[in-house]
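Me: Got a minute to walk through this one with me? I'd like to start with a single residue and work outwards.

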Amino acid sequence: MIRSSCWQTFRGLLASFLVVALVASLPGNAWAGGVIWTARAAAEANEWNGVTYGNGLFVAVAQSGTNRVMTSPDGATWTARAAAEANSWHGVTYGNGLFVAVASTGTNSVMTSPDGVTWTAREGAEAEGGEINWEAVTYGNGLFVAVANSGTNRVMTSPDGATWTARAAAEANLWRGVTYANGLFVA
């Protein structure tokens, strides 16, 4: 019994060592030298909130500044772009050939762009008697989904990024992020 217990402990330690050795040998792993980050200059000194990648282009959105969008083909060199409106842009995503951004302020809380350069203001699914602070947006399974941190309906959906429908959230929480994977939207 003691011999069997020692063997099981040894096998467990050996398996743990092999897992650690395998993980440490993967490229970019923290144990193998860490992920190297390089500082890059933004197009403007704005308060950048969201970034996405699609169609060969990085697109970032900001809540302040003169130009509240910036684009980059390589993630290193950025170009300032005009947003559709001077809103507080928080989230941006890419799906179905379209960039879509959401804002926590402004008359039109959504903007869309086929190329990340030219943006069109869109009306979001606003709450009765006030605006909703939209925080994040994602795309999956043919649907754009945005979440908010205030309002009656804290979720909105759109099949095309232009026409939005208000949806009830499971809870009246301060929703700040949303993603899609494995057939499931998660906020």
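Me: Is glutamate 135 buried or exposed, and why?
Reply: Glutamate 135 counts as buried because its relative accessibility is 11%. Buried means under 20% relative accessible area, exposed over 50%, and partly exposed in between, with a 1.4 Å probe and protein chains only.

Me: Before I go on, what sort of model is this?
Reply: The model is predicted, so to speak of local features takes pLDDT of at least 70, side-chain atom pairs count only at pLDDT 80 or more, and totals for chains, interfaces and linings use all residues. Residues are numbered from 1 along each chain as its sequence is written, and side-chain values use heavy atoms, with hydrogens and water left out.

Me: Thanks! Which side chain does glutamate 135 meet in a salt bridge?
Reply: That would be arginine 176, at 3.3 Å from N to O. A salt bridge here is a side-chain nitrogen of Lys or Arg within 4 Å of a carboxyl oxygen of Asp or Glu.

Me: Where do the two sit in the chain?
Reply: They link distant parts of the chain, 41 residues apart: arginine 176 is in the loop between β12 (165-167) and β13 (179-181), and glutamate 135 is in strand β9 (residues 134-140). Strands are DSSP runs of E with at least two residues, numbered from the N terminus.

Me: And how many salt bridges does the structure hold?
Reply: One.

Me: New topic: β3. Which way do its side chains point?
Reply: In strand β3 (residues 69-72), Val69 and Thr71 point one way while Met70 and Ser72 point the other, and all are buried. In a regular strand, side chains alternate between the two faces of the sheet.

Me: What does β3 pair with?
Reply: Strand β2 (residues 57-62) pairs with β3 in the antiparallel sense over four bridges, and β3 pairs with strand β4 (residues 79-81), also antiparallel, over three bridges. Two strands pair if DSSP finds at least two bridges between them.

Me: What stands opposite valine 69?
Reply: Valine 61 stands opposite valine 69, and so does arginine 81 in β4.

Me: Which glycines take a positive phi in those hairpins?
Reply: Glycine 65 does in the β2 and β3 hairpin, near 110 degrees, and glycine 75 does in the β3 and β4 hairpin, near 80 degrees. The β2 and β3 hairpin has six residues between the strands, and the β3 and β4 hairpin also has six.

Me: Last one: what is the strand order in the open sheet?
Reply: It is β5-β6-β7-β8, four strands with antiparallel pairing. The edge strands, β5 (89-95) and β8 (120-122), each pair on one side only.
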